[in-house]
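Dear colleague,

I am passing on the structure we spoke about, with the sequence alongside so that you can follow both together. My notes come after it, and I would be glad if you read them with the model open.

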Amino acid sequence: TFVTKERYWAAEDAGVLSLYEPDDWWHIKNIQDAIVLHTYSALQDKRIADVGGSDSRTLRHFGKANEGYCIDAFEGEHGGISAPPEIAGVRNIIAMMGTFNAAVPRAHFDVLYSISVVEHVASDQMDVFFEDCRQALKPGGEMMHLIDLYVEDDSSANAYENERLEL
């Protein structure tokens with residue numbers, strides 16, 4: 001599903017933006033962070049994984065009341081960092097989803113999410129990426145993937161984005 005303006009405003013009304021400096025409020029990543037933080041803010045004593053989170057902004061908050069995990073190759077790509085950070089309450093798993101890396105535990109996470117990661121997964125790898133994510137979840141677990149995608153009225157202008165929506 002798409003994140004609606006109403007869902008974002010609900011996150012803002014809940015005070016999620018108070019976690020950020022005022023100058024950081026209107027970056028797309030912070031809007032995506034707000035959705036994740038608001039959706040899962042009440043969780044406690046859960047295992048929560050951020051896929052491709054690098055120096056995860058959201059796990060800094062979830063790691064206080066939950067077991068936080070950052071699953072990332074830490075290769076410095078797409079604005080990421082090249083060495084695992086030390087974040088209180090967060091364990092780093094050096095791996096990439098979609099490779100079925102043994103370092104990623106199976107049936108382990110209550111929640112698994114990514115912010116601005118899926119748009120970097122090759123179309124022909126999409127199925128294995130999502131299957132790897134699914135296998136990492138506990139039965140009944142939940143995943144959320146927020147992507148950078150701009151939908152235009154002119155469908156010919158966004159052939160690539162439209163193709164990705166069809167996947």
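Read along the sequence, what pattern does the protein follow? Please bear in mind throughout that this is a predicted model. The pattern is α-α-β-α-β-β-β-α-β-α, and the protein has five helices and five strands.

The sheet is where I would begin. It is an open sheet of five strands in the order β3-β2-β1-β4-β5, and the pairing is parallel. Because β3 (90-94) and β5 (137-146) stand at the edges and have a single partner strand each, one side of each is left without a neighbour in the sheet. From one strand to the next, the twist averages 20°.

Within the sheet, strand β1 (residues 47-51) and strand β4 (residues 109-115) run parallel and are joined by four bridges; if you would like a position to look up, D50 has Y113 in β4 as its bridge partner. In general, the strands of a sheet pair through backbone hydrogen bonds, either parallel or antiparallel. Helix α4 (residues 126-136) lies across β1, β4 and β5, and its direction makes an angle of about 135° with β5.

As for the protein as a whole, 38% of its 167 residues are buried, while the exposed surface comes to about 9,500 Å², of which carbon and sulfur atoms supply 51%. Of the contacts between residues at least 6 apart in sequence, 57% join residues that are at least 24 apart.

With best wishes

Terms used. Residues numbered from 1 in each chain as written. Predicted model: local features only at pLDDT ≥ 70, side-chain atom pairs only at ≥ 80, totals over all residues. Heavy atoms only, no water. Helix = DSSP H or I, 4+ residues; strand = E, 2+ residues; numbered from the N terminus. Buried < 20%, exposed > 50% of the residue type's maximum accessible area, 1.4 Å probe, protein only. Contact = heavy atoms within 4.5 Å. Areas by Shrake-Rupley, 256 points an atom, 1.4 Å probe, with all protein chains shown as cover. Pairing = 2+ DSSP bridges. Axes fitted to C-alpha atoms, helices over the stretch in contact; angles between N-to-C directions.
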